[in-house]
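Trainee: Could we walk through this fold together, one question at a time?
Mentor: Happily; here is what we will be looking at.

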Amino acid sequence: QTAGQCPGFTQVNLVIVTKDVAFDMLMFCQRNPKSCPLLEVLDPGSPISRTLAPGADVSTDFPRYRVFENGVKTDEVTDIKKFWRDDLVTFLLGCSFTFEDFLVSKGYGVRHIEEGKNVPMYQTNVPCRPAGKLSGPLVVSMRPFKEADIPKVIEITQHVPQVHGAPVHVGDPSAIGIVDVSRPDFGDAVTLKDGEVPVFWACGVTPQAVLQASKPAFAISHSP
């Protein structure tokens with residue numbers, strides 16, 4: 001995981017689908033910009049970024065990948081050269097790790113960075129807006145803050161909608177279907193101290209939940 005790394009640069013989430021699903025994925029991103037802030041779509045069959053990170057190869061340059069077949073994760077690898085096909089279309093989505101540097105620079109500590117962990121992420125009961133064959137639940141990331149600090153945290157993050165922007169929920173996790181914040185679906189649990197409130201942002205792992213729910217024949221994502 002890359003939390004706390006690359007300060008000053010935009011981090012991205014990755015989803016790769018076959019060309020026959022690509023238009024649905026494009027619509028899905030447009031209809032769900034909080035969870036899927038679209039930064040670049042690569043040419044069909046090309047693993048090379050042209051605008052966001054010119055020359056970067058998405059088949060080798062992510063730390064780890066997940067491979068899905070019919071909605072089931074079938075492999076987790078450190079490069080996807082052997083899986084690459086001419087009909088694959090890559091979507092690069094903004095990641096909330098980007099705005100954590102802004103929070104830290106303003107004096108608002110980010111717990112999972114402090115604890116040397118990945119951010120905790122949860123599948124909610126909030127449905128995304130469907131698009132064609134694609135549908136599924138919203139996934140959120142969580143960072144705890146003192147109640148008095150939350151308005152400023154919201155103010156800081158709302159200015160960067162390209163990396164998820166302001167939170168989608170503050171407070172009671174059960175209101176969005178999260179039973180136990182100490183048991184995230186992805187990432188690592190973090191300490192929630194007395195007087196702190198969990199704050200939830202839409203997360204770029206949402207497409208992975210959508211792949212599992214919608215079951216396209218083949219897809220690839222980053223590993224959360």
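The questions and answers below go through a predicted model.

Trainee: Let's start with the open sheet of six strands; in what order do the strands come?
Mentor: Pairing in this open sheet is antiparallel. The twist averages 20° from one strand to the next. Reading across the six strands, the order is E2-E5-E1-E10-E3-E4.

Trainee: Which strands stand at the edges of that sheet?
Mentor: Look for strands with a single partner strand, because one side of such a strand is left without a neighbour in the sheet. That applies to two strands, the second of which covers residues 72-77. The edge strands are E2 and E4.

Trainee: Staying with E2, what is the bridge partner of Glu40 in E5?
Mentor: E2 and E5 (residues 88-94) run antiparallel, and three bridges join them. For Glu40, the partner in E5 is Leu92.

Trainee: Helix H1 packs on the sheet too, so to speak; what angle does its direction make with that of E1?
Mentor: H1 spans residues 19-31 and touches E1, E2 and E5. Its direction, compared with that of E1 (12-18), makes an angle of about 140°.

Trainee: And what angle does the direction of H5 make with that of E3?
Mentor: H5 also packs on the sheet, where it touches E1, E3, E5 and E10 (218-222). In this helix, residues 206-214, the buried residues include Pro207, Val210 and Leu211. The angle between the directions of H5 and E3 is about 20°.

Trainee: Which residue follows H5, with a positive phi?
Mentor: The phi there is near 60°. The residue is Lys215.

Trainee: Is Ser59 buried or exposed?
Mentor: Ser59 sits in the loop between E2 (38-41) and E3 (65-69). Leaving out residues up to four places away in sequence, Ser59 touches Pro47, Tyr65, Asp79, Ile80, Lys81 and Trp84. The relative accessible area of Ser59 is 1%, so this residue counts as buried.

Trainee: What about Ala148, buried or exposed?
Mentor: Ala148 is in the loop between E7 and helix H4 (150-158). From Gly107, Ala148 is 41 residues away in sequence and 13 Å away in space, C-alpha to C-alpha. The cut-off for exposed is over 50%. Because the relative accessibility of Ala148 is 70%, this residue counts as exposed.

Trainee: Now the aromatic residues: what kind of pair do the rings of Phe145 and Trp201 form?
Mentor: Phe145 in E7 and Trp201 in E9 are 56 residues apart, so to place them we look at distant parts of the chain. Phe145 is buried at 4% relative accessibility, and Trp201 is buried at 0%. The ring centres are 6.4 Å apart and the planes are at 75°, which means the pair is edge-to-face.Trainee: Which residue joins Phe145 and Trp201 in a cluster linked by ring pairs?
Mentor: This residue forms a tilted pair with Trp201, at 5.3 Å centre to centre and 45° between the planes. Its place is in helix H2 (residues 97-105), 102 residues from Trp201. The residue that completes the cluster is Phe99.

Trainee: Last one: the charged end of Arg143 sits over the ring of which residue?
Mentor: Arg143 belongs to E7 (residues 137-146) and is buried, with a relative accessible area of 0%. Its side chain makes a polar contact of 2.9 Å with the side chain of Ser141. The charged end of Arg143 is 5.1 Å from the centre of a ring, and that ring belongs to Trp201.

Terms used. Residues are numbered from 1 along each chain as its sequence is written. This is a predicted model: local features need pLDDT of at least 70, side-chain atom pairs count only at pLDDT 80 or more; totals for chains, interfaces and linings use all residues. Side-chain values use heavy atoms; hydrogens and water are left out. Buried means under 20% relative accessible area, exposed over 50%, partly exposed in between (1.4 Å probe, protein chains only). Helices (H or I, at least four residues) and strands (E, at least two) are DSSP runs, numbered from the N terminus. Contact means heavy atoms within 4.5 Å. A polar contact is a pair of N or O atoms within 3.5 Å; within protein, one must be able to donate a hydrogen and the other to accept it, and residues adjacent in sequence count only if both atoms are side-chain atoms. Two strands pair if DSSP finds at least two bridges between them. Axes are lines fitted to C-alpha atoms, for helices over the stretch in contact, and angles run from 0 to 180 degrees between N-to-C directions. Rings of Phe, Tyr and Trp (its six-membered ring) pair if their centres lie within 6.5 Å; planes under 30 degrees apart count as stacked, over 60 as edge-to-face and the rest as tilted. A charge sits over a ring if NZ of Lys or CZ of Arg is within 6 Å of the ring centre and within 35 degrees of the ring normal.
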